[in-house]
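Welcome! Take a moment to look over the model below, and then we can walk through it together.

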Amino acid sequence: MSYQFKNSQWQARKKELKSRRQSQSRKFNNIKAQVQINNSAFNYLSIEAPPSLKPAKRYCDVTGFEAKYKDPVTQLYYCDSIVFNYIRNCPKATAETYLNIRGCTQKLIS
């Protein structure tokens, strides 16, 4: 019995897709092995390691969360508006203390 909605070439197509998947899997495994061989020469503990291509992450000076913003007046990094209001309302000495903790030796101008 043959139905109109069935594809008579389905079994052949299934075998073709399976062989293609296996071929792609072999190619991927070969590339992965080559990358592992190339990366084994470098690690970030050796002097020969190339510099990172990713930008350095910046963290909020007050909370420690990842910071998206930088205050132009105090040069402190902050993560949200609540911390920004705290930075703007804190004394100059406190802002300089946060900068010293980060390792920045910049003096704030009043």
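**A guided walk through the chain**

Let's begin with what a record tells us: an unreviewed UniProt entry annotates residues 58–87 as "domain: Vps72/YL1 C-terminal". Keep in mind as you look that this is a predicted model. Within that annotated span, 23% is helix and 13% is strand, and the C-alpha atoms at its two ends lie 17 Å apart.

Now step back to the whole chain. You can find three helices and two strands in it, and reading along the sequence they come in the order α-β-β-α-α. The chain has 110 residues, of which 16% count as buried. Its exposed surface comes to about 9800 Å², with carbon and sulfur atoms supplying 56% of that area. What about contacts between parts of the chain that are far apart in sequence? Among contacts with a separation of 6 or more, 17% involve residues 24 or more positions apart.

For a closer look, try finding Arg102. This residue sits in helix α3, which covers residues 92–102. Is Arg102 buried, exposed or partly exposed? Its relative accessibility is 33%, so Arg102 counts as partly exposed. Which residues does Arg102 touch, once neighbours within four places in sequence are set aside? The contacts are with Asp61, Gln75, Leu76 and Tyr77. Take Leu76 from that list: Arg102 and Leu76 are 26 residues apart along the chain, and their C-alpha atoms are separated by 9.2 Å. Gln75 deserves a look too, as the side chain of Arg102 reaches the backbone oxygen of Gln75 at 2.6 Å.

Let's finish with the cysteines. A disulfide is a covalent bond that joins the sulfur atoms of two cysteines. How many disulfides does the structure hold? The count is zero. Cys79 helps to show the reasoning. The cysteine sulfur closest to that of Cys79 belongs to Cys60, and the two atoms are 4.1 Å apart, which is too far for a bond. The cut-off behind this step is that the sulfur atoms of a disulfide must be within 2.5 Å.

Where do these cysteines stand with respect to the surface? Cys79 has a relative accessible area of 17% and is therefore buried. Cys90 is buried as well, with a relative accessible area of 14%. In both cases the label follows because buried means under 20% relative accessible area.

Key. Residues are numbered from 1 along each chain as its sequence is written. This is a predicted model: local features need pLDDT of at least 70, side-chain atom pairs count only at pLDDT 80 or more; totals for chains, interfaces and linings use all residues. Side-chain values use heavy atoms; hydrogens and water are left out. Helices (H or I, at least four residues) and strands (E, at least two) are DSSP runs, numbered from the N terminus. Buried means under 20% relative accessible area, exposed over 50%, partly exposed in between (1.4 Å probe, protein chains only). Contact means heavy atoms within 4.5 Å. Accessible areas come from the Shrake-Rupley method with a 1.4 Å probe; for residues, only the protein chains shown count as cover. UniProt positions are given in the numbering used here, feature names are shortened, and annotations may be inferred rather than shown by experiment. A polar contact is a pair of N or O atoms within 3.5 Å; within protein, one must be able to donate a hydrogen and the other to accept it, and residues adjacent in sequence count only if both atoms are side-chain atoms.
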